[in-house]
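Reader: I would like to go through this model step by step, with the reasoning behind each answer spelled out. Could you show it to me before we start?

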Amino acid sequence: MSKPTLAAIDAATTIFNLPGYRVLDAASMASGRRRVTVESVDPPGCPGCGAVASRLKERRLQRVRDIPVGGLVELVWAKRRWFCDEALCARKSFSEATVQVPRFARSTRRLTDQVVSAVIGSGRAVSETAASFKVSWWLVQNAVNRAALALPDVDSLAPRMLGIDEHRYRSVRFFQNPTTKAWRRYEPWMSTIVDLDTGQILGIVDGRDSTGVGDWLKARPLAWRLGVQVVAIDPSAAFRKALRMWLPRTAVSVDAFHLSMLANNMVTEVRQRVTQETRGRRGRSVDPSWANRRLLLKGTEKLSDRARNRLDVVFAVDDPTGRLEAVWKVKEHLRALLRTGSLHDAEHAKAELARLVDLADLPETRRLYRTICRWWPEIEVLITTGATTAKVEANNTAIKHIKRTARGYRNPDNYRSRILLTSATRTAA
Ligand SMILES: [Zn+2]
């Protein structure tokens, strides 16, 4: 009576829907789960010689983790072991393996596919995904890591333009050496290498020095490296060193945004120094230069007439020596220089910048001008190609989102898998 009919077995198999398997039995358990026992449908081939199995050796029950099917399921595979009857084969017997549960696997393929899609496709946290599938955190993270390993080979791509940028993947920590009691600052940085045409992340390397990026470039085939025409970087001497070494014939462009940021920092330094010298204290809200400190950093073309008037008040009232206005003019002129459309215009703008720097006559402006001169070949590439690290920055924003949902990965390898996979999925979409 209790023995299921053939029709009932087929109905259970259809409902359970695990490709390559047939349901043998289903039973409710005290925990509220259901135990589903399955066996594989097709006779396997011997991994040694390929001969199709025909003589059964033994049967063992193996638990396999699976997705919930109409509620939580405990899946048991009645796994068979077969004799190999091929006389010349060194293997005497072998176990079954299927597409859904390959050798050594403890989970079904459909489970790992679904957890990877929850993490990568829907951007859910690994811990949250693990909880909803009632599996361990490790199972989910390992599935993501394995999926990242299966990504198409970077060397099979032929990027024309690269962008390299750094980001910090977790906050600064301090470690104390137990013997010397000395504290060491630890800043976990990663550098990302992005295809500027597609926006896809090609690589992530530890640190932000020349060896990390250098080793990554060195590992690429020669033809790959020769195919790269332009690389955009932020003004980092370490990146430039790695590029000169491994992409000596590639034009290097420096990012305009990062140079503007250097100019903005210069304005802030001079503002603080001028306040300290004229008032003998730090800036307060009663000081026009402090109250309008953000206006000082804003691009002049974005200022309303009212804002422009407020800046004039700052220059007239707050700094009778005229230093703040002089340094502001240097900053604005540098921004204009970076926007010029030809090398001819850029050369003229550079001469004018030199004149303004001389007029300002401040250590801060001279330092900025020296930086501009040191990076002049890269600025020329920027002006002619327009290659910026903006796409890398966009990726870094996506990385920050991953960081938020991931609530801080501690292991850089896990972090890397997730970033590469998310980027590859977004590029393909
Ligand atoms: Zn065999």
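Reader: Let us begin with the hairpin of β7 and β8: which residue there takes a positive phi?

Author: The model is a predicted one, and in it strand β7 (residues 173-176) pairs with strand β8 (residues 183-186) in the antiparallel sense over 4 bridges. Within that pairing F174 has R185 of β8 as its bridge partner. Between the two strands of the hairpin lie 6 residues, and the one with a positive phi, near 65 degrees, is K181.

Reader: Which non-glycine residue in the loop between α1 and β1 has a positive phi, and is this residue buried or exposed?

Author: The loop in question joins α1 (6-16) to β1 (21-28), and N17 is found there. N17 has a positive phi of about 55 degrees although it is not a glycine. As 11 other C-beta atoms lie within 10 Å of N17, and the cut-off for this class is 12 or fewer, the residue N17 is exposed.

Reader: How many other C-beta atoms lie within 10 Å of K134?

Author: K134 is found in the loop between α3 (126-133) and α4, and it has a positive phi of about 55 degrees although it is not a glycine. K134 counts as exposed because the number of other C-beta atoms within 10 Å is 11.

Reader: In which order do the strands of the open sheet follow one another, and which strands stand at the edges?

Author: The open sheet is formed by 5 strands with mixed pairing, in the order β10-β9-β6-β11-β12. Each edge strand has a single partner strand, so one side of it is left without a neighbour in the sheet. The strands in that position are β10 (201-206) and β12.

Reader: By what angle are neighbouring strands of this sheet turned against each other on average, and at what angle to β10 does helix α5 run?

Author: With direction ignored, neighbouring strands of the sheet are turned by 20 degrees against each other on average. Helix α5 (residues 210-218) packs on the sheet, where it touches β6 (161-168), β9 and β10. The direction of α5 makes with that of β10 an angle of about 135 degrees.

Reader: Which residue in β10 stands opposite M190?

Author: Strand β9 (residues 189-195) and β10 run antiparallel and are joined by 5 bridges. Opposite M190 in β10 stands D206.

Reader: How is W189 classed by its C-beta neighbours, and which residues does W189 touch?

Author: W189 is found in strand β9, and with 16 C-beta neighbours inside 10 Å, a count between the limits of 12 or fewer for exposed and 20 or more for buried, it is classed as partly exposed. Its C-alpha atom is 8.8 Å from that of V205, which is 16 residues apart from W189 in sequence. Not counting residues up to four places away in sequence, W189 touches E166, R168, G207 and R208.

Reader: At the other edge of the sheet, which residues point one way from β12 and which the other way?

Author: In a regular strand the side chains alternate between the two faces of the sheet. Strand β12 pairs with strand β11 (residues 230-233) in the parallel sense over 4 bridges, and in this pairing A232 has S253 as its bridge partner. A251, V252, S253 and V254 are all buried; A251 and S253 point one way from β12, and pointing the other way are V252 and V254.

Reader: Which element gives the most to the side of domain 3 that touches domain 4?

Author: The domain assignment places residues 154-255 + 388-428 in domain 3 and residues 256-385 in domain 4, and the centres of these two domains are separated by 30 Å. The contact involves 9 residues of domain 3 and 11 residues of domain 4, and the domain 3 side divides into 5 nonpolar, 2 polar and 2 charged residues. The element that gives the most to this side, with 4 residues, is strand β12 (residues 251-254).

Reader: How far apart are the C-alpha atoms of L139 and V357?

Author: L139 has its place in helix α4 (residues 137-149), and it touches R65, S107 and A130, not counting residues up to four places away in sequence. L139 and V357 are 218 residues apart along the chain, and their C-alpha atoms are separated by 60 Å.

How values were computed:
Residues numbered from 1 in each chain as written. Predicted model: local features only at pLDDT ≥ 70, side-chain atom pairs only at ≥ 80, totals over all residues. Domains from an automatic or database assignment. Contact = placed C-beta atoms within 7 Å. Nonpolar A, V, L, I, M, F, W, Y, C, P; charged D, E, K, R; others polar. Pairing = 2+ DSSP bridges. Axes fitted to C-alpha atoms, helices over the stretch in contact; angles between N-to-C directions.
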